[in-house]
Amino acid sequence: KRRRVVWTLRWLEWRAWLAGRARPPTETLSGWYRRFAKGAPADVGSNLHALLTLADWVLYAPTLQTRMPYAAEEVRETCRQTMSLWTQKRFRCNQP
């Protein structure tokens with residue numbers, strides 16, 4: 001589950017970079033991508049918010065025993081939707 005989220009985050013960063021919207025080194029992951037979510041349609045933005053919640057859990061939870069914020073199927077679906085919704089075109093059209 002954690003690995004799926006990490007790979008989705010890597011993919012998201014790569015897709016943003018290809019679209020010319022690379023995250024500056026001084027910006028946090030959540031801070032940068034929440035700006036994109038604000039300019040997106042509600043369902044697309046909520047998907048990105050869900051992924052960022054998972055990212056916070058994966059990156060900052062104190063131990064592997066920490067309970068994840070979503071069920072395994074929800075993690076899988078959030079990652080799958082992120083990969084289909086957040087295209088290069090969407091990153092180019094949305095301003096951070």
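L54 is a buried residue, with a relative accessible area of 0%. Keep in mind that you're looking at a predicted model. From L54 we can work outwards to the aromatic rings, the charged pairs and a greasy spot on the surface.

**Starting point: L54**

- You'll find L54 in helix α3, which covers residues 42-60.
- Which residues does L54 touch, once those up to four places away in sequence are set aside? The list is V5, P69, Y70, V75 and T78.
- L54 and A19 are 35 residues apart along the chain, and their C-alpha atoms are separated by 23 Å.

**Aromatic rings**

- How many aromatic pairs does a search of the whole structure find? It turns up five.
- One of them is W32 with F36, an edge-to-face pair with 5.5 Å from centre to centre and 75° between the planes.
- Both residues belong to helix α2 (residues 29-38), and because they are four residues apart there, about one helical turn separates W32 from F36.
- Is W32 buried or exposed? W32 is buried, because its relative accessible area of 9% falls under the 20% cut-off.
- F36 is buried as well, at 0% relative accessibility.
- F36 also pairs with F91: the ring centres are 5.1 Å apart and the planes sit at 80°, so this pair is edge-to-face.
- That F36–F91 pair ties together distant parts of the chain, since F36 is in helix α2 and F91 is in helix α5 (residues 88-93), 55 residues apart.
- F91 has a relative accessible area of 0%, so F91 is buried.
- Zoom out a little, and ring pairs link W32, Y33, F36, W86 and F91 into a cluster.
- If you wonder why two numbers keep coming up, a pair of aromatic rings is described by the distance of the centres and the angle of the planes.

**Charges over rings**

- Rings can have charged company too: R2 lies over the face of W57, 4.3 Å from the ring centre.
- R10 does something along these lines with W7, its charged end sitting over the ring at 4.8 Å from the centre.

**Salt bridges**

- How many salt bridges does a search of the whole structure find? The answer is five, and here are some of them.
- E13 and R23 meet through their side chains in a salt bridge, at 2.7 Å from N to O.
- This E13–R23 bridge links distant parts of the chain: E13 is in helix α1 and R23 is in the loop between α1 and α2, 10 residues apart.
- E13 is partly exposed, with a relative accessible area of 23%, and R23 is partly exposed at 29%.
- E27 bridges to R35, with their closest N and O atoms 3.1 Å apart.
- Why does E27 count as buried? Its relative accessible area is 19%, and buried means under 20%.
- Its partner R35 is partly exposed, at 34% relative accessible area.
- D56 and R34 form a salt bridge through their side chains, at 3.9 Å from N to O.
- Here too, distant parts of the chain are linked: D56 sits in helix α3 and R34 in helix α2, 22 residues apart.
- D56 is partly exposed, with 29% relative accessible area, and R34 is partly exposed at 26%.

**S30, a contact of D56**

- S30 is another residue of helix α2, and S30 is buried, with a relative accessible area of 13%.
- What is S30 in contact with, leaving aside its neighbours within four places in sequence? The contacts are L52 and D56.
- So D56 comes up twice, because D56 meets R34 in a salt bridge and is in contact with S30, whose burial at 13% we just saw.

**A nonpolar patch on the surface**

- Which residues make the nonpolar surface patch of about 350 Å²? They are W14, W17 and L18.
- L18 lies in helix α1, which covers residues 2-18.
- L18 is partly exposed, at 33% relative accessibility, whereas L54, where we began, is buried at 0%.

Methods: Residues numbered from 1 in each chain as written. Predicted model: local features only at pLDDT ≥ 70, side-chain atom pairs only at ≥ 80, totals over all residues. Heavy atoms only, no water. Patch = residues over 30% accessible without salt bridge, like charges linked within 9 Å, V, L, I, M, F, W, Y side chains within 5 Å. Areas by Shrake-Rupley, 256 points an atom, 1.4 Å probe, with all protein chains shown as cover. Salt bridge = Lys/Arg side-chain N within 4 Å of Asp/Glu carboxyl O. Helix = DSSP H or I, 4+ residues; strand = E, 2+ residues; numbered from the N terminus. Buried < 20%, exposed > 50% of the residue type's maximum accessible area, 1.4 Å probe, protein only. Phe/Tyr/Trp six-rings, centres within 6.5 Å; stacked < 30°, edge-to-face > 60°. Lys NZ or Arg CZ within 6 Å of the ring centre and 35° of its normal. Contact = heavy atoms within 4.5 Å.
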